[in-house]
Structure formats: C-alpha cells, structure tokens
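Open the model in your viewer and keep the selection box at hand. We will go from the whole chain to a few places worth a click.

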Amino acid sequence: MCAFWNKWFKKEEEPTRVISHPRQLNAADLVQIDDSFSLPEDIRGASLVVQNVGTYQFEFEQSPVWTLKGEKGLIYLSIENDSGSDQISFSKRLQKAEVESWFDPDQFARIFEEDYDLRLSPLKQEGDFSSWVDGDYGLKTFALSGYFYDTDYRGQKAPQYEGSGEPFDYYCLENEAGTHAIEIEVYQDGTTEVSASQYLDMGAIKDMWPGK
C-alpha cells in the first residue's frame with residue numbers, strides 16, 4: 001500500500017534542459033570558452049555567466065545579443081551567419097580613453113565622414129586590447145539605423161511603437177581577413193559605444209550548461 005501511495009504522490013522530475021547551440025542560451029546559463037591561443041587572452045578558457053539577453057533590430061532583421069559576465073568584466077556574444085554558416089562574434093567595449101589610446105583621433109573621426117577609403121590602423125601592437133585588434137580596418141557599414149531593446153524578443157517581433165527601443169546609428173569596420181571588427185553605436189542622446197569584435201567558429205564555445 002505504501003509503495004502505491006509513494007508512486008501516486010511522487011513529484012514528476014522536470015526534464016533536464018539541454019543547450020546544443022548558443023542561440024538557446026538564457027539568463028543565468030553558464031558558458032565555458034575554449035582555451036585555444038586563437039582567442040583573446042582575457043576570455044581564453046574563461047567561465048562566463050549569461051547576465052542578460054537583449055535584442056538588436058534593423059529594418060529587415062532582428063537578432064539577440066547575450067551579455068556574458070566573467071572575472072575580467074563583460075563580453076558581448078552575438079551569432080553571425082556567413083554564407084549559411086553560423087559564426088560567433090565576441091565583442092568587448094572600449095572606453096573613450098582606450099579608443100584614443102589605440103587609434104588616432106583624427107583618423108577615427110573620418111569614419112563619420114563616410115570615408116570608404118579609410119584604413120583605420122591601431123597605434124600600437126601591445127596592451128590590454130592587443131588580442132582584440134588585428135591589421136587595418138576598412139569601413140563596411142555606415143550609419144545604419146537600428147534599435148536596441150534590453151529585452152529578449154526571440155520567437156516574437158520587437159514592438160514597433162515609439163519609445164519601445166533605443167534608436168541608434170550603426171557603423172562597422174572590418175580588417176582585410178574579415179576576422180576582426182570595430183563596431184560603433186551612436187545613440188540619439190550622443191552616447192557612443194565602441195566595441196572591438198572578433199569572429200570565430202562555433203568551437204570557440206567549449207561547453208554550455210543551464211543555470212536553472
């Protein structure tokens with residue numbers, strides 16, 4: 001009789017969530033980065049926690065961005081699709097002083113003049129961001145209008161009403177190999193976010209676990 005009642009009242013265990021692709025990552029999930037020497041030093045072999053999932057929206061597409069937190073600060077993860085194949089993009093924000101330290105201010109200003117002949121060159125080869133920059137950068141995208149939402153809209157369309165997202169203009173420069181980028185977001189209040197990005201294959205993420 002006891003065995004019958006125990007079976008009757010036994011709480012069904014929830015199935016364990018399996019993460020097989022970074023697109024499935026949610027807040028509080030855990031990410032283990034590979035320890036390959038091709039990765040930036042400050043994330044090589046790092047364990048990161050998904051802090052938030054936001055959304056970028058452009059005219060013909062919207063895509064999630066994951067904010068990952070580790071011992072050395074925040075890293076931003078997005079998924080790029082290159083000729084039908086997914087790639088990881090890891091990005092790290094640069095403060096104004098860091099931008100001025102790594103790039104000539106006059107040369108950097110030419111980005112906003114729609115100068116497609118520009119070749120943006122790092123001023124140095126060593127320092128905190130040395131593994132995030134590579135070669136000369138050429139302008140690829142100029143003042144593309146977009147919106148950022150601090151909300152996860154995967155599987156649904158981001159709201160279209162005024163004030164629902166933060167509008168910005170997007171600029172992107174890539175190196176000749178197409179492996180590194182400098183990305184810039186200029187918001188209506190004048191806030192400017194500059195990121196150094198690196199494109200990597202999916203193997204850059206060694207493992208992923210559900211946080212809850």
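Here is a short tour, stop by stop.

**Before you start.** This is a predicted model, so local features need pLDDT of at least 70 and side-chain atom pairs count only at pLDDT 80 or more, while totals for chains, interfaces and linings use all residues. Residues are numbered from 1 along each chain as its sequence is written, and side-chain values use heavy atoms, with hydrogens and water left out.

**Stop 1: the whole protein.** Switch to cartoon view: you should find three helices and eleven strands (DSSP runs, H or I of at least four residues for helices and E of at least two for strands, numbered from the N terminus). The C-alpha trace spans about 85 × 45 × 35 Å along its principal axes. Of the 212 residues, 40% are buried (under 20% relative accessible area; exposed is over 50% and partly exposed in between, with a 1.4 Å probe and protein chains only).

**Stop 2: the largest pocket.** Select S78, E80, Y170, E183 and Y199, which lie nearest the centre of the largest pocket among its 34 lining residues. A pocket here is an open set of points on a 1 Å grid over the protein atoms alone, where a 1.4 Å probe fits, with protein on both sides within 12 Å along at least five of seven lines; lining residues have an atom within 4 Å of a point. The volume is about 890 Å³, counted as the space filled by probe spheres set on points joined across faces, edges and corners. Next, colour β4 (73-82): with seven residues, β4 gives the largest share of the lining.

**Stop 3: salt bridges.** The model has seven salt bridges (a side-chain nitrogen of Lys or Arg within 4 Å of a carboxyl oxygen of Asp or Glu). Show D42 and K92, whose side chains meet at 2.3 Å, N to O. D42 sits in the loop between β1 and β2 and K92 in strand β5, so this pair ties together parts 50 residues apart in sequence. Both ends are buried: D42 has 16% relative accessibility and K92 has 14%.

Now add E193 and R93, a salt bridge of 3.6 Å, N to O. This pair links strand β10, home of E193, to strand β5, home of R93, across 100 residues. Here E193 is partly exposed at 26%, and R93 is partly exposed at 23%.

Finish with D86 and R23, which meet at 3.2 Å, N to O.
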